[in-house]
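Visitor: Could you walk me through this one? I'd like to start with the aromatic rings and then look at the surface.

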Amino acid sequence: MPDKSKESSLDELSPLKAPDPAPQGSSTHLYDAVTEKSQKDGGISEDDSALEKLIPHKEDVPHSDISLSHRILNFALAYFWLGPLVTVYWCNSWHIPENYLFPPDPVASSWISGAVGYSLYFLATFLQDNLRDFTVRQNIVVQCCVAQVYSYVMCWACINQWRCVWVLLDEYTGIYLLNAVVSCLLASMVMVILRVHRTTASTPSTIRMDFPVENHFTIPTLFEVSVNMPRQLTHCSRYL
């Protein structure tokens, strides 16, 4: 006779059945809940084992027990050192095309900046795997050189893309308070709908390290964001 209780439990985990809404909680809480439930049942069942594979091990979950001194040091380095350095780099890099790339015609200059920036981003997106595979096979000196050249080129791509949108917005719509408010609200609404509004909080809130080199060329996209993990974790709600 098949075990009906086991079949019922596995049926509840089936992705074809809409899961109950899961309460907010961290992966650590979910891991603890599964572990506690398994201990109460006298062992780890097949469905519990499959469920644990969906949840990071407790030791792999990042903790927030950072000391106050480390937080203060991180704040000082990010906001009083790295942030201003990025601003200085951006400011002077912005002025180069502004002063030397068809300065009498800001519209044409901005369109050229956009062509440069978007072309570089397009190439970097499609060649990121090739760049990573090539670089990781080299020695540490070549890795450092390739990574720094790549960062410099991508910084130029980013600045040119910004300059294109920024200047063209001013040239085509004018610099008025109403235009600024409307464009800001529309842009914010679209980003909220796409759930990427936190992207506006860039440097110094966002700091990326140069190493490990295998992550240096990764350009995340909206279509690479996993949607299966949150759906699978909703099946943990019964243990909470």
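**Rings, a buried serine and a patch**

Guide: Ser93 is placed in helix H4, which covers residues 68–100, and please keep in mind that this is a predicted model.

Visitor: Is Ser93 buried or exposed?

Guide: Ser93 counts as buried, because its relative accessibility is 7%, and buried means under 20%. Leaving aside residues up to four places away in sequence, Ser93 touches Trp156 and Ile159.

Visitor: OK, on to the rings. How many aromatic pairs are there?

Guide: The count comes to eight aromatic pairs. In one of them, Trp90 and Trp162 meet edge-to-face, with 5.0 Å centre to centre and 85° between the planes.

Visitor: Which parts does that pair tie together?

Guide: Trp90 lies in helix H4 and Trp162 in helix H6 (residues 140–173), so the pair links parts that are 72 residues apart in sequence. Trp90 is partly exposed at 22% relative accessibility, and Trp162 is also partly exposed, at 41%.

Visitor: What about Phe122 and Phe126?

Guide: Phe122 and Phe126 form a tilted pair, 4.6 Å centre to centre with 45° between the planes, and both lie in helix H5 (residues 106–136), four residues apart, which is about one turn of the helix. Phe122 counts as exposed at 51% relative accessibility, and Phe126 counts as exposed at 58%.

Visitor: Switching to the surface, which residues form the nonpolar patch?

Guide: The patch consists of Leu73, Leu77, Trp81, Leu82, Leu85, Ile207 and Met209, which together have about 710 Å² of accessible area. Ile207 sits in the loop between helix H7 (177–194) and helix H8 (228–233), and Ile207 counts as partly exposed at 39% relative accessibility.

How values were computed: Residues are numbered from 1 along each chain as its sequence is written. This is a predicted model: local features need pLDDT of at least 70, side-chain atom pairs count only at pLDDT 80 or more; totals for chains, interfaces and linings use all residues. Side-chain values use heavy atoms; hydrogens and water are left out. Patches are made of residues with over 30% relative accessible area and no salt bridge: like charges are joined within 9 Å, nonpolar side chains (Val, Leu, Ile, Met, Phe, Trp, Tyr) within 5 Å. Accessible areas come from the Shrake-Rupley method with a 1.4 Å probe; for residues, only the protein chains shown count as cover. A salt bridge is a side-chain nitrogen of Lys or Arg within 4 Å of a carboxyl oxygen of Asp or Glu. Helices (H or I, at least four residues) and strands (E, at least two) are DSSP runs, numbered from the N terminus. Buried means under 20% relative accessible area, exposed over 50%, partly exposed in between (1.4 Å probe, protein chains only). Contact means heavy atoms within 4.5 Å. Rings of Phe, Tyr and Trp (its six-membered ring) pair if their centres lie within 6.5 Å; planes under 30 degrees apart count as stacked, over 60 as edge-to-face and the rest as tilted.
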